[in-house]
Amino acid sequence: MEENSAPLISFSGADILGGEDNIVVYGLDLQVYPGQVVYIIGKVGSGKTSIFRTITAENPLAKGSGEVCGYDLKRLRAKEVPHLRRRIGVVFQDFQLLMDRSVEDNLAFVLKATGWKDASAIHKRIGEVLEAVDMTTKAHKMPHQLSGGEQQRIAIARAILNNPAVILADEPTGNLDDETAEGILQLLQQINREQGTAIVMVTHNRSICTRFPGRVFETRDETCREITL
C-alpha cells in the first residue's frame with residue numbers, strides 16, 4: 001500500500017450511471033492506491049458493476065470528479081479511451097475468451113490490439129503471462145477444452161499482458177466451485193503481492209473479504225461507503 005503516492009483511481013462526489021439518465025450511486029468518494037486490495041460488495045443491481053464501467057470509461061461520469069491512471073474521466077476524449085484501458089486489466093465472471101481461437105491466439109489478439117507488432121516479443125510475453133498463472137502447457141488448447149478454473153486463469157493472464165497498474169475483477173469466482181475459486185483468489189493475491197498490482201474486486205461473497213483482507217466498500221441505498229466487516 002502506497003498512500004504517499006498518487007491514487008490510481010480517485011472519485012470525489014461522483015454520481016454513477018447505471019444506464020442512460022439512471023443514477024445508481026450518488027456521491028461516490030473512493031481512492032485506490034498502488035498495491036491496495038479493494039472490495040466492492042452489495043446486492044445485485046446496487047451499482048457495483050456500474051462503478052467498474054465508469055472506471056473503464058464505458059459509462060460516462062454523471063457528476064463530480066473521477067480520475068483513473070492519470071486520465072480525467074470528465075475530459076477524456078474517445079481516442080484516449082484505448083490508452084486508459086491498457087493501464088487496466090479486467091477479469092470477468094464469464095471469462096469472455098474468444099471461443100474460436102486457441103489460448104495463445106486469444107492472448108496475441110489482445111497484444112496486437114494494444115499496439116504490439118513484433119512477433120517474437122508477442123510470443124515471449126505470452127509465455128511470461130502463462131507461466132505467471134501456471135498455464136504454460138495450455139497455449140495451444142481451445143477454450144472449450146479447458147475447465148472453468150483454467151479459463152479464468154487464462155482470463156487473468158490476458159488481464160496482466162500489458163502490466164496494468166490495477167486489475168478490476170468482476171465476480172471472478174462467481175461461476176467456479178469453492179476449491180477452484182480459492183485457487184483463483186490465491187493467484188490474484190500473488191499478483192498483488194509480487195507485482196504490486198492493485199486489485200479492485202466486485203463480489204457478493206463477504207467471506208472472501210475476511211480471508212483475503214483489503215479495504216471494503218458497500219453499495220447500499222444508492223451510496224457506496226467504506227465499511228468494516
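Two strands count as paired if DSSP finds at least two bridges between them. I begin with that because the word "bridge" comes up throughout this talk, and strand pairing rests on it. Here is one case: V38 has R215 as its bridge partner in β9. The model I am showing is predicted.

Let me put that bridge in context. Strand β3, residues 37–42, and strand β9, residues 215–220, run parallel where they pair, and 5 bridges join them. In general, strands of a sheet pair through backbone hydrogen bonds, either parallel or antiparallel.

Now the overall picture. The protein contains 7 helices and 10 strands. Its C-alpha trace spans about 45 × 40 × 35 Å along the principal axes. The radius of gyration is 17 Å, and for 229 residues a compact globule would come out near 17 Å, so the two agree.

On to the sheets. What is the strand order in the open sheet of 6 strands? Reading across, the order is β6-β7-β8-β3-β9-β10, and the pairing is mixed. At the edges are β6, residues 88–91, and β10, residues 223–227, each of which pairs on one side only. From one strand to the next, the twist averages 20 degrees.

A helix lies across part of this sheet. Helix α6, residues 178–195, crosses over β3, β7 and β8, where β7 is 166–170 and β8 is 198–202. Relative to β8, α6 runs at about 150 degrees.

There is also an open sheet of 4 strands, in the order β2-β1-β4-β5, with antiparallel pairing. Its edge strands are β2, 22–32, and β5, 71–72; each has a single partner strand, so one side of each has no neighbour in the sheet. Inside this sheet, β1, residues 9–19, pairs with β4, residues 61–68, in the antiparallel sense over 6 bridges. To pick out one of these positions, F11 has G66 as its bridge partner in β4. Helix α1, residues 48–55, packs on this sheet and touches β1, β2 and β4. The direction of α1 makes about 115 degrees with that of β1.

Last, helices against helices. Two packed helices are described by the angle between their axes and the distance between the axes.

Take α3, residues 103–113, and α5, residues 148–159. Their axes come within 10 Å and cross at roughly 25 degrees. Angles under 35 degrees count as roughly parallel, and α3 and α5 are therefore roughly parallel to each other. The crossing is right-handed. On the α3 side the contact is made by V103, L107 and V110, and on the α5 side by I154, A157 and R158. Sorted by type, these residues are 5 nonpolar, no polar and 1 charged.

Helix α5 has another partner, α6. How do the axes of α5 and α6 cross, and at what angle? They come within 10 Å and cross at roughly 15 degrees, which makes α5 roughly parallel to α6. This crossing, of α5 and α6, is right-handed. From α5, the residues are G149, Q152, R153 and I156; they meet T180, G183, I184, L187, L188 and I191 of α6. The residues of this contact divide into 5 nonpolar, 4 polar and 1 charged.

To finish, back to α6. This helix meets α5 through residues including L187 and I191, and α6 also lies across β3, β7 and β8. β3 is where we started, with V38 and its partner R215 in β9.

Technical notes. Residues are numbered from 1 along each chain as its sequence is written. This is a predicted model: local features need pLDDT of at least 70, side-chain atom pairs count only at pLDDT 80 or more; totals for chains, interfaces and linings use all residues. Side-chain values use heavy atoms; hydrogens and water are left out. Axes are lines fitted to C-alpha atoms, for helices over the stretch in contact, and angles run from 0 to 180 degrees between N-to-C directions. Helices (H or I, at least four residues) and strands (E, at least two) are DSSP runs, numbered from the N terminus. Angles under 35 degrees count as roughly parallel, over 145 as roughly antiparallel, 65 to 115 as roughly perpendicular and the rest as oblique. A crossing is left-handed if the near helix is turned anticlockwise from the far one by less than a right angle, and right-handed if clockwise. Contact means heavy atoms within 4.5 Å. Ala, Val, Leu, Ile, Met, Phe, Trp, Tyr, Cys and Pro count as nonpolar, Asp, Glu, Lys and Arg as charged, and the others, Gly among them, as polar. The radius of gyration is taken over C-alpha atoms; the globule rule is 2.2 Å times the number of residues to the power 0.38.
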